[in-house]
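Welcome! Take a moment to look over the protein shown below, and then let us walk through it together.

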Amino acid sequence: MARPTMAQDIERRIKELILGRRLGPGDPLPTETELMELFSAGRVSVREALKALQAVNVVEIRRGFGTFVGSLSLSPFAEGLAFRAAVRHRQGEPGLLELMKVREALETGLVGAVTAGVPAEDLAVLRALVATMEAEAAEGGRVARATDRAFHLALYASLDNHLLSEVLDAFWAAMDRVREDVDDGHQDPSVTCAQHHEIVEAVAAADGARAVRAMRTHFDGIRGRLDPQSVSA
């Protein structure tokens, strides 16, 4: 294994500094000069490390103001997923299908937990989104991607897991990015509405097994459009 460069070592030490000082997004970091002194490093290596950390949202460099802890968002993760899937798709490999399978495993593994105690206000939001889907289907013959995305994000709100929300949103962003280069077909909107309605009713009934079945049925439809051979098989 190759030894880390000076800049990579500084990246690691800046992360340790953030953790050690219990800093969070928006908190100021030592100046470039202070980092040079702290790590006994040259300006070029410090700047290279900061730029690398900025690329993954660990730090934010504000010209004229200083360096701060970044948003720590998962947007670079989503971009990486999208780019990988796009490259594999253009090589004739099932990049988008692989993304869908990972998301399916995550959602079917979690939807049962939602049924343990979803608040009434969350159910109201989910039912309102299904009603929006039905209106969109009636008016335009297609459920908007934004509405579908909002439904799946709202479904897990009661778990109060910020990281989960970011991961799910990252998968949606990645899949949306790849969909620009691939036509995966569109499901009958009435089926889409019915599947989401069944998910909501299963959650409302606190029936975990039913909710998992409903989610799997929903993903069966997506899989069938992305991989027609899976249906014929």
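What follows is a short tour, from the overall build down to a few side chains.

**The whole chain**

Please keep in mind that this is a predicted model. The secondary structure of the protein comprises 11 helices and 2 strands. Read from the N terminus, the order of elements is α-α-α-β-β-α-α-α-α-α-α-α-α. How does the radius of gyration of the protein stand against the globule rule for 233 residues? The radius is 22 Å, well over the 17 Å that the rule gives, so the protein is more spread out than a compact globule. The C-alpha trace spans about 65 × 45 × 35 Å along its principal axes.

Two further values describe the packing. Of the 233 residues, 39% count as buried. Among contacts with a separation of 6 or more, 66% come from residues 24 or more positions apart.

**The annotated region**

An unreviewed UniProt entry carries the annotation "domain: HTH gntR-type" for residues 4-72. Over residues 4-72, the chain is 52% helix and 12% strand, and the C-alpha atoms at the two ends are 23 Å apart.

**The hairpin**

Now to the strands. S1 (residues 59-62) pairs with S2 (residues 66-69) in the antiparallel sense, over 4 bridges. Within this pairing, Ile 61 stands opposite Thr 67 in S2. The hairpin has 3 residues between the strands, and Gly 64 takes a positive phi near 85 degrees there. Side chains meet here too: Arg 62 lies over the face of Phe 68, at 3.9 Å from the ring centre.

**The aromatic pair**

How many aromatic pairs does the structure hold? There is 1 aromatic pair, formed by Phe 77 and Phe 171. Such a pair of rings is described by the distance of the centres and the angle of the planes. For Phe 77 and Phe 171, the centres are 6.2 Å apart and the planes are at 80 degrees, which makes the pair edge-to-face. Phe 77 lies in helix H4 and Phe 171 in helix H8, so the pair ties together parts that are 94 residues apart in sequence.

The two partners can be set side by side:

| Residue | Helix | Relative accessibility | Class |
|---|---|---|---|
| Phe 77 | H4 (residues 75-90) | 36% | partly exposed |
| Phe 171 | H8 (residues 162-179) | 6% | buried |

Why does Phe 171 count as buried? The cut-off for buried is under 20% relative accessible area, and Phe 171 has 6%. Phe 77, at 36%, counts as partly exposed.

Definitions and conventions: Residues are numbered from 1 along each chain as its sequence is written. This is a predicted model: local features need pLDDT of at least 70, side-chain atom pairs count only at pLDDT 80 or more; totals for chains, interfaces and linings use all residues. Side-chain values use heavy atoms; hydrogens and water are left out. UniProt positions are given in the numbering used here, feature names are shortened, and annotations may be inferred rather than shown by experiment. Rings of Phe, Tyr and Trp (its six-membered ring) pair if their centres lie within 6.5 Å; planes under 30 degrees apart count as stacked, over 60 as edge-to-face and the rest as tilted. Buried means under 20% relative accessible area, exposed over 50%, partly exposed in between (1.4 Å probe, protein chains only). A charge sits over a ring if NZ of Lys or CZ of Arg is within 6 Å of the ring centre and within 35 degrees of the ring normal. Two strands pair if DSSP finds at least two bridges between them. The radius of gyration is taken over C-alpha atoms; the globule rule is 2.2 Å times the number of residues to the power 0.38. Contact means heavy atoms within 4.5 Å.
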